[in-house]
Amino acid sequence: MTMSAAVYPDDFQALQPQRLRPLTALRAFRKLIRDKEDTAQVFEIMRALTGGSGARGYNRMLRTVEGGRQAFLRDELAHKLDDPVWLARFEPGTVGAEYRAFREARGFTADGLAETAREVAPEIDAPHPVVWYSRRLRDVHDIWHVLTGYGTDALGEACVVSFSYGQTHNLGFGFIGWGAAREIQRENPSIPARRAVLQAWRNGRAAHWLPGLDYDALFAEPLERARARLRIGAATVYAAVPEANRAALKLRA
C-alpha cells in the first residue's frame, strides 16, 4: 500500500522559514539588562531573530565533506561535553584540556545550558536535522570561548556572540553583541566595547567555518596550533582592556 499525505497529513508539510520578530527580541533584551542572570532571554532573542539562518547553516554543512560527515553522524555534543571520562582523555595544552579547565573553573555544564534553552523553545530536542544544527550551535558556544580567547565577563560574552554572528549570520548573535556593547559603553565609556565586538565579528568572518568541524579531532589538537590552522585572529582589543575593568562591569549578557 502506498503511503499518502491523506493518511499522514503532517508528514509532508513544508517547513516555513521562521518569521523575524524584532519587537520580541527587543523586549527580551530589556529584560536581560534588568536581570543579567536571566539567560533564558538570550534564547528568546535567538529564537526571535534566527529566521532562515539555521537551514542555511545546515545546508552549508552538506556542501563540505567533513560537514556532511558530521551531519550524517548527528552526534549530540552536549552528551560528550558532560562526560568526564571523555574529557579526561585530552593532554595538557590541547583544546580539550583547555575546555575542561574553562568549564571546571566556572561550574558550567552543557546540560545546564540545554535546560535553559528548553524553557524557551521546547522544540529544541526535535529529531530534525535543522534543529540538530541549532543544538550544535548552542553546544559549541563555550568551545568558541576557548578557541577565541574571550572570557565570560560581559565584554567577553559580547565579543564571542559577535564572532558567532560573523560565522553564522544569525541576527540574534549580532543583536546581542551590539546591544551589549552599547550598554557596556554606557556603563564605562573608557572601555572600547564597540571596537572589541567589531573586531570579534571580523575575526568570525575571516576564520574557517567552525560549525562543521570534527570536534573530537579538534579537542586532541594543541590550542595554539588549532587557532593558527583555523585562522582565528587574536582578540587584541578585548585583551587590551584591563581584567579588573572587565570584571567590574555589572552587565552579564
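Trainee: How many of the 11 residues of α9 are buried?

Mentor: This is a predicted model, so let's read α9 from it. The buried residues of α9 include V131, W132 and Y133, and R135, R136 and R138 are on the list too. The helix is largely enclosed by the rest of the structure, because the buried count among its 11 residues is 8.

Trainee: Which helices do the buried residues of α3 pack against?

Mentor: Start with who is buried in α3: S53, G54, G57, Y58 and M61. Seen down the helix axis, these fall within an arc of 135°, so they line one face of α3. The partners they pack against are α4, α9 and α11.

Trainee: Let's stay with α3 and α4. Is α3 roughly parallel or roughly perpendicular to α4?

Mentor: The axes of α3 (residues 53-62) and α4 (residues 65-73) come within 6 Å and cross at roughly 115°. Angles of 65 to 115 degrees count as roughly perpendicular. That makes the answer for α3 against α4 roughly perpendicular.

Trainee: And what is the make-up of the contact of α3 with α4 by class?

Mentor: On the α3 side you have Y58, M61 and L62, and they meet G67, G68, Q70 and A71 in α4. Glycine is counted as polar here. The tally for this contact is 4 nonpolar, 3 polar and no charged residues.

Trainee: Switching to the core: which helix gives the most to the largest nonpolar core?

Mentor: That core has 65 residues, and I143, W144, L147, L155, L210, Y215 and F219 touch the most other members. Take L147 from that group: leaving out residues up to four places away in sequence, L147 touches V95, L210, L218, L223, R227 and I232. As for helices, the top contributor to the core, with 7 residues, is α11.

Trainee: Now some side chains with amides. Is N203 buried or exposed?

Mentor: N203 is found in helix α13, which spans residues 193-206. Setting aside neighbours within four places in sequence, N203 is in contact with Y150, F163, G233 and A234. The cut-off for burial is under 20% relative accessible area. N203 has 13% relative accessibility, so it counts as buried.

Trainee: What separates the C-alpha atoms of N203 and R135?

Mentor: R135 is one of the buried residues of α9, and N203 is in α13. Along the chain the two residues are 68 apart. In space, their C-alpha atoms are separated by 23 Å.

Trainee: Which residues is Q199 in contact with, leaving aside its neighbours within four places in sequence?

Mentor: Q199 is found in α13 too, the helix that holds N203. At 16% relative accessibility, Q199 counts as buried. Its contacts beyond those sequence neighbours are A234, A235, T236, V237 and Y238.

Trainee: What about Q41: which residues is it in contact with, leaving aside its neighbours within four places in sequence?

Mentor: Q41 is found in helix α2, residues 40-49. With a relative accessibility of 12%, Q41 counts as buried. With those neighbours set aside, Q41 is in contact with A28, K31 and L32.

Trainee: How many Å apart in space are Q41 and L218, C-alpha to C-alpha?

Mentor: L218 is among the residues that L147 touches, while Q41 sits in α2. The sequence gap between Q41 and L218 is 177 residues. C-alpha to C-alpha, the distance is 31 Å.

Trainee: Backbone angles next. What is the phi of H169, roughly?

Mentor: Most residues other than glycine have a negative phi. H169 lies in the loop between α11 and α12, and at 48% relative accessibility it counts as partly exposed. H169 is not a glycine, yet its phi is positive, at about 60°.

Trainee: Where is R231, which also has a positive phi?

Mentor: R231 is not a glycine either, and its phi is about 55°. With a relative accessible area of 49%, R231 is partly exposed. Its place is in the loop between α15 (223-229) and α16 (236-240).

Definitions and conventions:
Residues are numbered from 1 along each chain as its sequence is written. This is a predicted model: local features need pLDDT of at least 70, side-chain atom pairs count only at pLDDT 80 or more; totals for chains, interfaces and linings use all residues. Side-chain values use heavy atoms; hydrogens and water are left out. Axes are lines fitted to C-alpha atoms, for helices over the stretch in contact, and angles run from 0 to 180 degrees between N-to-C directions. Helices (H or I, at least four residues) and strands (E, at least two) are DSSP runs, numbered from the N terminus. Angles under 35 degrees count as roughly parallel, over 145 as roughly antiparallel, 65 to 115 as roughly perpendicular and the rest as oblique. Contact means heavy atoms within 4.5 Å. Buried means under 20% relative accessible area, exposed over 50%, partly exposed in between (1.4 Å probe, protein chains only). The arc is that of the directions from the helix axis to the C-beta atoms. A nonpolar core is a set of buried Ala, Val, Leu, Ile, Met, Phe, Trp, Tyr and Cys residues joined through side-chain atoms within 4.5 Å.
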